Amino acid sequence: MTSQWWRSAVIYQIYPRSFADASGDGVGDLIGITNRLDSLRDLGVDVVWLSPFMTSPQKDAGYDVADYCDVDPIFGTLADFDAMLARAKELDLRVIVDLVPNHSSDQHPWFQDALAAVPGSRERARYMFRDGRGEGGEEPPNNWQSLFGGPAWTRVTEADGTQGQWYLHLFDASQPDFDWSNEEVREEFRRILRFWLDRGVDGFRVDVAHGLVKRDGLPDYTPPEDGDSMGGIEPAPYFGQDGVHDVYRDWRKVLDEYDGERALCAEAWMPTVDEIAKWVRPDEMHQAFNFAYAMTRWNAGDLREVIIDSLRAFPDVGAPATWVLSNHDVIRHTTRLALPADVPQGHGIGPKTPDLPDTAVGLHRGRAATTLMLALPGSAYLYQGEELGLPEAVDLPDDARQDPTWFRHNGERYGRDGCRVPIPWEAGVPAYGFNRTGETWLPQPDDWAEYARDRQAGVEGSTLELYRTLLRLRREFGLASGELEWAEAAPDDVVTFRVGEVTVIANLGEQAVPLPQGADVLVSSGPLDGGALPNDTAVWLRGA
Ligand code: GLC
């Protein structure tokens, strides 16, 4: 790979709970990942990113960390991690790990110490403890709501048995927020960065990278009702505060001490690309997820606009544009792009959602969207299972759901479990080959055999073969480091551009559109209709 790999890499997100389970207990693990890594080499990705596998009570699927420098026993051991990393290196795959700095688990020793200590102590100062409002302090310190629902403050019982201070948790009550104005917290995270860098990771995906620093005085704030869980549409006093950037400038210095091009990627869930781009200024992170792109509806005008904005805003600060359609927090794009109405991020869909989309339409659009995305200059993210065309698992029974969003909204929001179901490897065996026992932490739909990897491998026209072809051609034609030129005179419903030798045409309209004559079809997301491109289909051409 060329230097500055983050400018062009395709990064594949492994969600360890649901990738491959060697132990057979129903939750995926590191040995499972190691055993299956060759399939990712075969797919043609450059980097894998692992969602958290560190010690955790798993109240938020591992995004609640109790020990940042160890592996949770359900995922294995540090030795298993080292073996996984060594196998990845053999296969020429880079590895980045998830770092969760906004909050820890309430089982973290620091938080346990804070609970045992008195108000005003050094132990409490590592988190956001405050006295309550009202005479007896019985009201929370402000009106903030948790992003998972309910109040963002929980009151503690002091050592002497009295009702005491409150602590802030932007997420679940089991996820207390650190106080990043405290130098001790900053020093601890430098140590954690070094721990993983010394082990040989290529970088970090930084969780809630727009959080960490809260506005002075913690002023009241009410987010819009229909806002995305993670971003909203207006500046919140707990997101995107200027001071947060100092943290990353500091971390960048730590990474720069290491050889081997280590990189930081921000999960900064801000509403516009210009805001997201602040995380990748030259002395900060290397990449940031383009959530503005991920949340764009299946509409040609909106897509053109976000592509134009992205190819301006990221390069303006010297960073690559990035592209993403799916991850473990959003409705899988094969389903989302066929939803008749917007569902804000985090709210999720389930059996009672009105107007559930047609799976075939969704798959068609999903494949076209990926075909469009993988031609765009910059770096792209894939989420495990999308290369199989997996839809969102909509019919999960209520009693199987695990996302704290579901519980904190009393079942009124389904949350994110539908995109987290263990993925199918082989048709006709227990758990579709996720493990050998058939146990799975979330139930797999009965009709997933057709999505299994072994059913698709080598089958012309399968989603897996489409992804393999797109990734091979993207590399062969150097698309990731190319320049995008818009093609003139495209109909409104069509997105079309050139990158180097390759012309991309995506038809989002109802009518088929004629393809230029004499051009070679390099790859198409679906069957062509003679010399025409049907609706919801995208194609790469040469010689157009
Ligand atoms: C990020 C993670 C999400 C998690 C949250 C709290 O958004 O991607 O899964 O629930 O942070 O850590």
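**Close-up views of the predicted model**

**View 1. The largest pocket and the residues around its centre.** The largest pocket encloses about 760 Å³ of space in this structure, which is a predicted model. Its lining is made up of 39 residues, and those closest to the centre of the pocket are Asp228, Met295, Thr296, Arg297 and Asp342. Sorted by character, the lining of the largest pocket comprises 18 nonpolar residues, together with twelve that are charged and nine that are polar.

**View 2. Helices H7 and H8 at the lining of the largest pocket.** Two helices, H7 (291-294) and H8 (300-316), each contribute at least two residues to the lining of the largest pocket. The most is given by H8, which supplies four residues to this lining.

**View 3. Phe204 within the largest nonpolar core.** The largest nonpolar core holds 167 residues, and Phe204 and Trp540 are the residues with the most contacts inside it. When residues up to four places away in sequence are not counted, Phe204 touches Ile96, Val97 and Leu99, and also Leu193, Trp196 and Leu197, as well as Leu255, Ala263, Leu264 and Cys265. Separate from this core is a second one of eight residues, among them Ile505, Leu515, Ala519 and Leu533.

**View 4. The domains of the chain.** According to the domain assignment, domain 1 is made of two segments, 5-104 and 182-456, while domain 2 spans 109-168 and domain 3 spans 484-542. The centres of domain 2 and domain 3, taken over C-alpha atoms, are separated by 57 Å.

Conventions:
Residues numbered from 1 in each chain as written. Predicted model: local features only at pLDDT ≥ 70, side-chain atom pairs only at ≥ 80, totals over all residues. Heavy atoms only, no water. Core = buried A, V, L, I, M, F, W, Y, C linked by side-chain atoms within 4.5 Å. Buried < 20%, exposed > 50% of the residue type's maximum accessible area, 1.4 Å probe, protein only. Contact = heavy atoms within 4.5 Å. Domains from an automatic or database assignment. 1 Å grid on protein atoms, 1.4 Å probe; cavity = no way out; pocket = protein on both sides within 12 Å on 5 of 7 lines; lining within 4 Å. Points joined across faces, edges and corners; volume = space filled by probe spheres on them. Nonpolar A, V, L, I, M, F, W, Y, C, P; charged D, E, K, R; others polar.
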